[in-house]
Amino acid sequence: LTQTYDGTGRIVTATTDPGALTVHITYDGSSTPPINVGTYAVVAAIDDEGYEGSASGTLTVSKRPITVTADAKTKVYGDPEPTLTFHVTTGSLVTGDSFAGALTRVAGENVGTYAIQQGTLALNNNYVLTYVGANLSITARPIAVTADAKTKGYGDPEPALTYHITTGSLVAGD
């Protein structure tokens, strides 16, 4: 018998041809079913219209597949780093289970595109986690400058040409 991890380890009562034979499966020597990935001893009890008996075997609980996709992000050059997030695109978590860790991105602060990576994002051993990446785009910082009006007298030296920022701001160090 095989089943995918579902957090309960319950096995549904199996029947052969509809209504012909009912098989009740229990866990060998335990009233508590397994809940994690692994192989477990089980007993199949047959009790149906003149048929009685039992057979032992194994139940293999396989890893639950789940796929997450990073959410694309954008930030303006010099602004704070956005929180890197993701969403489940296929599969689901079993109630009570949760993700651990966090996404990371390729280093860099200049205008450009940087891959968002899985980083330390993980699940426990009951899952097969597939990660689909996205990108963080850093866009140019908008800034407007206005030249300062200047005058000079005939024959006087050229005045220094200056400007002032009218909208936006420079990033510290620029």
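## The β9-β10 hairpin and its neighbour

In this predicted model, strands β9 and β10 run antiparallel and are joined by 2 bridges. β10 covers residues 112-117, and its Gln117 is the bridge partner of Thr104. Together the two strands make a hairpin, with 6 residues between them. Look for Gly108 in that turn: its phi is positive, at about 150°.

β10 also pairs with β12, the strand made of residues 134-139. That pairing is antiparallel too, and it runs over 5 bridges. One spot to check by eye is Thr113, which stands opposite Ser137 in β12. Back on the hairpin side, Arg105 lies over the face of Tyr114, 5.2 Å from the ring centre.

## A lysine tucked away

Now find Lys75, which sits in strand β7 (residues 73-76). Its relative accessibility is 6%, so Lys75 counts as buried, the cut-off for that being under 20%. The side chain of Lys75 has a partner in there: a polar contact of 2.9 Å joins it to the side chain of Glu109.

Lys75 has plenty of other company as well. Leaving out residues up to four places away in sequence, it touches Pro80, Glu81 and Pro82, then Arg105 and Glu109, and finally Leu136, Ser137, Ile138 and Thr139. Some of these names have come up already: Arg105 is the residue over the Tyr114 ring, and Ser137 is the one opposite Thr113.

## A three-stranded open sheet

Elsewhere, 3 strands line up as an open sheet in the order β8-β6-β11, with mixed pairing. β8 (86-90) and β11 (127-132) are the edge strands; each has a single partner, so one side of each has no neighbour in the sheet. On average, neighbouring strands here are turned by 35° against each other, ignoring direction.

As a bit of background, strands in a sheet pair through backbone hydrogen bonds, in either a parallel or an antiparallel way. For β6 (residues 64-70) and β8 the arrangement is antiparallel, with 4 bridges between them. One of the matched pairs is Ala70 with Phe86 in β8.

## Two aromatic pairs

Searching the whole structure turns up 2 aromatic pairs. In one, the ring centres of Tyr5 and Tyr127 are 5.5 Å apart and the planes meet at 75°, so this pair is edge-to-face. It connects distant parts of the chain: Tyr5 is in the loop between β1 (2-4) and β2 (14-15), while Tyr127 is in strand β11, 122 residues apart. Both partners are tucked in, Tyr5 being buried at 4% relative accessibility and Tyr127 buried at 5%.

The other pair is Phe86 with Phe99, again edge-to-face, at 5.0 Å centre to centre and 75° between the planes. Phe86 belongs to strand β8 and Phe99 to the loop between β8 and β9 (104-105), so the pair ties together parts 13 residues apart in sequence. Here the rings' residues are partly exposed: Phe86 has a relative accessible area of 27%, and Phe99 has 22%.

## Stepping back

What does the protein chain contain in the way of helices and strands? The count is 0 helices and 14 strands, so reading from the N terminus gives nothing but β elements. The chain has 174 residues, and 21% of them count as buried.

Contacts across the sequence are part of the picture too. Of the contacts between residues at least 6 apart in sequence, 50% join residues at least 24 apart.

Technical notes
Residues are numbered from 1 along each chain as its sequence is written. This is a predicted model: local features need pLDDT of at least 70, side-chain atom pairs count only at pLDDT 80 or more; totals for chains, interfaces and linings use all residues. Side-chain values use heavy atoms; hydrogens and water are left out. Two strands pair if DSSP finds at least two bridges between them. Axes are lines fitted to C-alpha atoms, for helices over the stretch in contact, and angles run from 0 to 180 degrees between N-to-C directions. Buried means under 20% relative accessible area, exposed over 50%, partly exposed in between (1.4 Å probe, protein chains only). A polar contact is a pair of N or O atoms within 3.5 Å; within protein, one must be able to donate a hydrogen and the other to accept it, and residues adjacent in sequence count only if both atoms are side-chain atoms. Contact means heavy atoms within 4.5 Å. Rings of Phe, Tyr and Trp (its six-membered ring) pair if their centres lie within 6.5 Å; planes under 30 degrees apart count as stacked, over 60 as edge-to-face and the rest as tilted. A charge sits over a ring if NZ of Lys or CZ of Arg is within 6 Å of the ring centre and within 35 degrees of the ring normal.
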